[in-house]
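Got the viewer open? Let's walk through this one stop by stop, selecting as we go.

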Amino acid sequence: MQQDSLKNWSAVLAYVRDAGRKLGQTKFFEDVKRGRLKKQVDGSFRRRDVDRYMASLPMRETPDGVVERAAERQRKKEEAEIRKLRADADLRELELSVRRGKFIARDDVYQELAARALVLSSGIRTAFEAHALELVDAVSGDPRKVTALTQALERIFDDALSEYSRELEITVDMADMPRQEGERHVADAAD
């Protein structure tokens, strides 16, 4: 059973420190002198009075719950900072790749492919027209020579596809690319 009083000032200091509160001897005596903690005639202190007084004192150490919440907040803050740094690095790498010509706008690719398809179609038609006399001559108007006609058409078609499949040369002007709000480009960083 707990006593209702603490026998002297050193017992009060030990009790307060055990409770995790911060209290020095000088402050204790000043507070007793000012009447913040009542001393009994026999030199003892009532536990109830000490408990009330102790509630006004600062904690010697931060309570575990506060420490855990602070650690969790710090961990989340650090993770968010890491995600932000990675996203910034990824964006810079992408911008650099775009500037080096590794990427182009999707609409530009589709537009180029559509233009090349028109060129292919036109090239095949032109090739057929240009070789029409050769084709007629290849089969001598004889339906039995369909195989020869097919081979001649395939050769013309292959030549047209070879022209279509040559390497593209695409030029990208990054200065005209629209920017999203708050977005910075590598060139801006150098300014």
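Start by selecting α3, residues 47–55 (helices are DSSP runs of H or I with at least four residues, strands are E runs of at least two, and both are numbered from the N terminus). The buried residues of this helix pack against β1 (5–6), α1 (9–18), α2 (25–34) and β2 (45–46), with contact meaning heavy atoms within 4.5 Å.

Before going on, a note on what you're looking at: this is a predicted model, where local features need pLDDT of at least 70, side-chain atom pairs count only at pLDDT 80 or more, and totals for chains, interfaces and linings use all residues. Residues are numbered from 1 along each chain as its sequence is written, and side-chain values use heavy atoms, with hydrogens and water left out.

Now show the side chains of α3. R47, D49, V50, Y53 and M54 are buried (buried is under 20% relative accessible area, exposed over 50%, partly exposed in between, with a 1.4 Å probe and protein chains only). They sit on the same side of α3, because they cover an arc of only 155 degrees around the axis; the arc is taken from the directions from the helix axis to the C-beta atoms. Spin to the face turned away from that side and you'll find R52 and A55, both exposed.

Next, select α2. Here F28, D31 and V32 are buried. Look down the axis of α2 and its buried residues fall within an arc of 100 degrees, so they line one face. Their cover includes α1, β2 and α3. The face turned away carries T26, K33 and R34, which are exposed. Right after α2 comes G35, with a positive phi near 90 degrees.

Stay with F28 and add F45. How are their rings arranged? The centres are 5.5 Å apart and the planes at 65 degrees, so the pair is edge-to-face (rings of Phe, Tyr and Trp, the last by its six-membered ring, pair if their centres lie within 6.5 Å; planes under 30 degrees apart are stacked, over 60 edge-to-face, the rest tilted). F28 is in helix α2 and F45 in strand β2, 17 residues apart, and both are buried. Add W9 and F29 to see the whole aromatic cluster.

Last stop: α4, residues 64–99, home of L91. L91 is partly exposed, at 35% relative accessible area. In the same helix, pick S97, which is buried at 18%. Leaving aside neighbours within four places in sequence, S97 is in contact with K102 and F103.
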